Amino acid sequence: MTEKIILASSSPFRKAMLLNAGVDVEAVPADVDERTIEAPLQGSGVSPEDVALILAEAKATEVSERRPGALVLGCDQTLSLGDELFHKPADMEGARRHLLALSGKTHQLNSAAVLARDGQVLWRHVGIASMTMRKLDPAFIGRHLARVGAKALASVGAYQVEGEGIQLFEKIEGDHFTIVGLPLLPLLAELRALGAIDG
């Protein structure tokens, strides 16, 4: 007996990953203000991985309280360069600044997943990918952003590795699913353990 999973997100990428894996999923975006939750964490020594977990848990529990009995998946991804946390760029100038800052350096993507039911957390996990960007010429960054357009604003790093963004990198360590925003293999293992999917 499989169970419909409620995805506390409007991310088309996460929903597609779950559907492609054969998981019965319904998207119900969480009503949380991420920046308000994150504000007291800044400067507190909380790791970027824990920030992702805290945000994913807030989304999972908020939706699970609105959907009694449902198994709810909350997700969040942070991008960290050392101690600095990056957020989705607001505009193309912000995307340009992101790529200039990440150029020639290794940053970390922290993809958190939390399962909750009736406001109670059942499981939490953070997948980590290490992303080494090649040294980018500022003029190339401008041409790249002109080609990809608004897609650059859809992700925290101003790139999509599943598209032209792959050209920005010289080395990637970590699985594709974590990079796109969901540690899918550990999640599927837990869903099987909970009896929510066939296994």
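**Figure 1. The order of helices and strands along the chain.** Starting at the N terminus, the elements run β-α-β-α-α-β-β-α-β-β-α-β-α-α. That makes 7 helices and 7 strands in the chain. Both kinds are DSSP runs numbered from the N terminus, with at least four residues for a helix (H or I) and at least two for a strand (E). What you're looking at is a predicted model, where local features need pLDDT of at least 70 and side-chain atom pairs count only at pLDDT 80 or more, while totals for chains, interfaces and linings use all residues. Residues are numbered from 1 along each chain as its sequence is written, and side-chain values use heavy atoms, leaving out hydrogens and water.

**Figure 2. The whole chain, for scale.** The C-alpha atoms fill a box of roughly 55 × 35 × 25 Å along the principal axes. The chain's radius of gyration is 17 Å, which agrees with the value near 16 Å for a compact globule of 199 residues. That radius is taken over C-alpha atoms, and the globule rule is 2.2 Å times the number of residues to the power 0.38. Buried residues make up 47% of the 199; here buried means under 20% relative accessible area, exposed means over 50%, and partly exposed is in between (1.4 Å probe, protein chains only). Now for contacts, meaning heavy atoms within 4.5 Å: among those between residues at least 6 apart in sequence, 69% join residues at least 24 apart.

**Figure 3. A close-up of the largest nonpolar core.** A nonpolar core is a set of buried Ala, Val, Leu, Ile, Met, Phe, Trp, Tyr and Cys residues joined through side-chain atoms within 4.5 Å. The largest one here has 23 residues, and those with the most contacts inside it are Leu109, Met131, Met133, Tyr159 and Leu168. Strand E3 (71-81), helix H4 (92-102), strand E6 (120-133) and helix H5 (138-148) each supply at least two residues of this core. The largest share, 4 residues, comes from H5. Apart from this core lies another, of 20 residues, among them Val23, Trp123, Leu191 and Ile197. In soluble globular proteins, nonpolar side chains tend to be buried together.

**Figure 4. Met131 and its contacts.** Skip the neighbours within four places in sequence, and Met131 is in contact with Lys105, Thr106, His107, Leu109, Tyr159, Val161, Phe169, Lys171, Ile172 and Ile179. Two of these names, Leu109 and Tyr159, also turn up among the residues with the most contacts inside the largest core.

**Figure 5. Ala8 and Val28, two loop residues in contact.** Ala8 is found in the loop between strand E1 (5-7) and helix H1 (12-20), and Val28 in the loop between strand E2 (25-27) and helix H2 (34-38). Ala8 counts as buried because its relative accessible area is 2%; Val28 is buried too, at 11%. Leaving out neighbours within four places in sequence, Ala8 is in contact with Val28, Pro29, Ala30, Lys59, Ala60, Val63, Val72, Leu73 and Gly74. With residues up to four places away set aside, Val28 touches Ile6, Leu7, Ala8, Ser9, Val63, Arg66 and Arg67. So Val63 shows up on both lists. Ala8 and Ala196 are 188 residues apart along the chain, with 17 Å between their C-alpha atoms.

**Figure 6. Val25 in strand E2.** Val25 lies in strand E2 and is buried, with a relative accessible area of 7%. Its contacts, not counting neighbours within four places in sequence, are Lys4, Ile5, Leu7, Lys15, Leu18 and Leu19. Look across to Gly157, 132 residues away along the chain, and the C-alpha atoms are separated by 27 Å.

**Figure 7. Two loop residues with positive phi.** Asp118 sits in the loop between strand E5 (106-117) and E6. Its phi is near 55°, a positive value in a residue other than glycine. Ala158, in the loop between H5 and strand E7 (169-173), isn't a glycine either, and has a positive phi of about 65°. Asp118 is partly exposed, with a relative accessible area of 44%, whereas Ala158 counts as buried at 1%.

**Figure 8. Ser44 in its loop.** Ser44 is found between H2 and helix H3 (48-66). At 41% relative accessibility, Ser44 counts as partly exposed. The C-alpha atoms of Ser44 and Glu93 are separated by 29 Å, with the two residues 49 apart along the chain.
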